[in-house]
Amino acid sequence: EWSRLFIQGECVIFRCTAANTWVVESDGRIPCSASIYCSTAITTNTAATWKQVDFATNTTTSFDNSSMVDTTNDWFSIRRAGVYEVGFSGRPNSALAADKYFTVKTALNGGGDLSYINAYPPVSTAVQVVTTQLQERAAGDGVEWWFRPQETDKGFGASASTSYLSMQEQF
């Protein structure tokens, strides 16, 4: 399988150059892209324990051109294998005490960590953590969004600018 087409308007043209030899003459695929943000704060959590962001309850979809946002499984569903730019951020719902950590991560298909970012503020604050990276994903992968404050009931803040998960396919 060379690729998949499923977004309205996509078109790929192949040219046969010899028996069983094809070249791509025109690649009109449209990159899959989606973004969500935490629109309803998560106010409870157990200290130093990972908690998954519930897409159906706590998020709003900013855009999704390829049906990646899966609110049943609470993940971004990868529809086409490839390299994706993944950006995510988060902040606690209330200020952390000094020298207490706040961590946000993405995980794969219900468990395997993909990447995470920590903050250990030296003063009491509701610090934001942000990262962007390239990840190679297979069709059918599910990318989840998790957080872990060191303190009980610091939660996950609601904000389109400070608590988001975005993915865009790279060609």
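Arg 15 touches Thr 21, Trp 22, Val 23 and Glu 25, leaving aside residues up to four places away in sequence. Arg 15 itself lies in strand 1, and one of those neighbours, Glu 25, is its salt-bridge partner. This is a predicted model, and Arg 15 makes a good starting point for a walk through it. From there, the points below move to the whole chain, the other salt bridges, a surface patch and a few loop residues.

**Around Arg 15**

- The salt bridge between Arg 15 and Glu 25 brings their closest N and O atoms to 2.3 Å apart.
- This pair links distant parts of the chain, with Arg 15 in strand 1 and Glu 25 in strand 2 (residues 21-28), ten residues apart.
- Is Arg 15 buried or exposed? Neither label fits fully: Arg 15 counts as partly exposed because its relative accessible area is 45%, between the limits of 20% and 50%.
- Its partner Glu 25 also falls in the partly exposed class, with a relative accessibility of 43%.
- How far apart in space are Arg 15 and Thr 131? Their C-alpha atoms are 41 Å apart, and 116 residues separate the two in sequence.

**The chain as a whole**

- What does the secondary structure of the protein chain come to? One helix and 13 strands make it up.
- Following the sequence, the elements run β-β-β-β-α-β-β-β-β-β-β-β-β-β, with the helix coming after four strands.
- The C-alpha trace spans about 70 × 25 × 25 Å along its principal axes.
- The protein chain has 171 residues, and 40% of them are buried.
- Consider the contacts between residues at least 6 apart in sequence: 69% of these join residues at least 24 apart.
- The accessible surface of the protein chain is about 8300 Å², and carbon and sulfur atoms account for 47% of that area.
- There are 12 positive and 17 negative charges in the protein chain, and the mean positions of the two groups are 3 Å apart.

**Salt bridges**

- Side chains of opposite charge can pair when their charged atoms come close.
- How many salt bridges does the structure hold? There are six, including the Arg 15 and Glu 25 pair described above.
- Glu 10 pairs with Arg 80, and their closest N and O atoms are 3.0 Å apart.
- Glu 10 lies in the segment before strand 1 and Arg 80 in the loop between strand 7 (75-77) and strand 8 (82-90), so this salt bridge ties together parts that are 70 residues apart in sequence.
- Both Glu 10 and Arg 80 are buried.
- Which residues are linked in a network of salt bridges? Glu 10 and Arg 80 are joined there by Glu 169.
- Another salt bridge connects Arg 137 with Asp 141, where the closest N and O atoms are 3.1 Å apart.
- Arg 137 and Asp 141 are both buried.

**A nonpolar patch on the surface**

- Trp 2, Phe 14, Trp 22 and Val 24 form a nonpolar patch on the surface.
- Together, these four residues offer about 430 Å² of accessible area.
- Trp 22 has already come up as one of the residues that Arg 15 touches.
- Trp 2 is placed in the segment before strand 1 (11-18).
- With a relative accessibility of 46%, Trp 2 counts as partly exposed.

**Residues in loops**

- Where is Ala 138 found? Its place is the loop between strand 11 (129-137) and strand 12 (142-149).
- Ala 138 is partly exposed, at 38% relative accessibility.
- Leaving aside residues up to four places away in sequence, Ala 138 touches Ile 78 and Ala 81.
- Ala 138 and Ile 78 are 60 residues apart along the chain, and their C-alpha atoms are separated by 6.8 Å.
- Ser 67 is not a glycine, although its phi is positive at about 55 degrees.
- Ser 67 sits in the loop between strand 5 (59-64) and strand 6 (69-70).
- Why does Ser 67 count as exposed? Its relative accessible area is 54%, and exposed means over 50%.
- Asp 99 is another residue other than glycine with a positive phi, near 65 degrees.
- The loop between strand 8 and strand 9 (102-108) holds Asp 99, which is exposed with a relative accessible area of 53%.

Note on methods
Residues numbered from 1 in each chain as written. Predicted model: local features only at pLDDT ≥ 70, side-chain atom pairs only at ≥ 80, totals over all residues. Heavy atoms only, no water. Patch = residues over 30% accessible without salt bridge, like charges linked within 9 Å, V, L, I, M, F, W, Y side chains within 5 Å. Areas by Shrake-Rupley, 256 points an atom, 1.4 Å probe, with all protein chains shown as cover. Salt bridge = Lys/Arg side-chain N within 4 Å of Asp/Glu carboxyl O. Helix = DSSP H or I, 4+ residues; strand = E, 2+ residues; numbered from the N terminus. Buried < 20%, exposed > 50% of the residue type's maximum accessible area, 1.4 Å probe, protein only. Contact = heavy atoms within 4.5 Å. Lys, Arg positive; Asp, Glu negative; His and termini not counted. Charge placed at Lys NZ, Arg CZ, Asp CG, Glu CD.
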